[in-house]
Amino acid sequence: MSKKQKIDFNTITACGECCTDCRKKKEGICKGCIEADGYVPEWAESGRCKVHECARKHNAPFCGLCDEFPCKQLPALIHWNPDIVEHLTMLAREKDHDISTDAV
């Protein structure tokens, strides 16, 4: 039976993605939202990734850990993932589990 791989939450972006294996990051086109504080080529026209900006404003490493999660603007902000609430809920549960097992 294979052991579930532990998530490195230092690599999870505000929107719940992980840029580690992103082609654009590997090719040097994009630094990644975490490293660039949300100022990445994908969001150049609007200045800064609105998801990243909102998460930082709420002192949340990613949306699933925000006190206001799930908020009304989330589906519009993360329009590319129709299952975003479920995805971020899963990440938040995993993070909570991670914290509780580390404390033991």
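This report walks through the cysteines, helix α2, a few backbone oddities and the empty spaces of one predicted model.

**Cysteines**

Let's start with sulfur. A disulfide is a covalent bond between the sulfur atoms of two cysteines. For this model, the count of such bonds comes to zero. Why do C66 and C71 not count as bonded to C54? The cut-off for a sulfur pair is 2.5 Å. For C66, the closest cysteine sulfur is the one in C54, and at 6.2 Å that is too far for a bond. C71 has its closest cysteine sulfur in C54 as well, at 5.8 Å, which is again too far. As for exposure, C66 is buried at 16% relative accessible area, while C71 comes out as partly exposed at 24%.

C15 sits in the segment before α1 and is buried, with a relative accessible area of 11%. Its C-alpha lies 6.2 Å from that of V51, although 36 residues separate C15 and V51 in sequence. V51 is also on the contact list of C15, along with I78, W80, I84, H87 and L88, once residues up to four places away in sequence are set aside.

**Helix α2 and what packs around it**

Helix α2 runs over residues 50-57, and H52 is part of it. Which residues of α2 are buried? They are V51, H52, C54 and A55. Looking down the axis of α2, these buried residues fall within an arc of 165 degrees, so they line one face of the helix. Part of the cover over the buried residues of α2 comes from α3, residues 74-77.

H52 is a good one to click on: its relative accessibility is 1%, so H52 counts as buried. Leaving out residues up to four places away in sequence, H52 touches A14, C33, I34, D37 and G38.

Now go to T13, which lies in the segment before α1 (23-26). T13 is buried too, at 3% relative accessible area. Beyond its neighbours within four places in sequence, T13 is in contact with C19, C33, I34, P61 and F62. C33 and I34 therefore turn up on the contact lists of both H52 and T13.

Here are the accessibility values for the residues discussed in this report.

| Residue | Relative accessible area | Class |
|---|---|---|
| H52 | 1% | buried |
| T13 | 3% | buried |
| C15 | 11% | buried |
| C66 | 16% | buried |
| C71 | 24% | partly exposed |
| D37 | 35% | partly exposed |
| N59 | 71% | exposed |

**Backbone spots to check**

If you plan to look at torsions, a few places deserve a mention. The peptide bond from F69 to P70 is cis, and its omega is near -10 degrees. P70 belongs to the loop between α2 and α3.

Where is N59? N59 is in the loop between α2 and α3, and it follows α2 with a positive phi, near 55 degrees. N59 takes this positive phi although it is not a glycine. N59 is exposed, with 71% relative accessible area.

D37 is another residue other than glycine with a positive phi, near 55 degrees. D37 is found in the loop between α1 and α2, and at 35% relative accessibility it counts as partly exposed. D37 is also one of the residues that H52 touches.

**Pocket and cavity**

The largest pocket holds about 400 Å³ of space. It is lined by 17 residues, of which E17, C19, C22, E42 and W43 are the closest to its centre. Sorted by class, the lining of the largest pocket has 10 nonpolar, three polar and four charged residues.

How many cavities of 30 Å³ or more does a search of the whole structure find? The search finds one. About 100 Å³ of space lies in the largest cavity. The residues lining the largest cavity are C54, A55, H58, C63, C66, E68, F69, C71, Q73, L74 and L77. Helices α2 and α3 each contribute at least two residues to that lining. By class, the lining of the largest cavity splits into eight nonpolar, two polar and one charged.

This ties back to the cysteines: C54, C66 and C71 are among the residues lining the largest cavity. The same lining includes F69, where the cis peptide bond to P70 begins.

Terms used
Residues numbered from 1 in each chain as written. Predicted model: local features only at pLDDT ≥ 70, side-chain atom pairs only at ≥ 80, totals over all residues. Heavy atoms only, no water. Buried < 20%, exposed > 50% of the residue type's maximum accessible area, 1.4 Å probe, protein only. 1 Å grid on protein atoms, 1.4 Å probe; cavity = no way out; pocket = protein on both sides within 12 Å on 5 of 7 lines; lining within 4 Å. Points joined across faces, edges and corners; volume = space filled by probe spheres on them. Nonpolar A, V, L, I, M, F, W, Y, C, P; charged D, E, K, R; others polar. Helix = DSSP H or I, 4+ residues; strand = E, 2+ residues; numbered from the N terminus. Contact = heavy atoms within 4.5 Å. Arc of directions from axis to C-beta.
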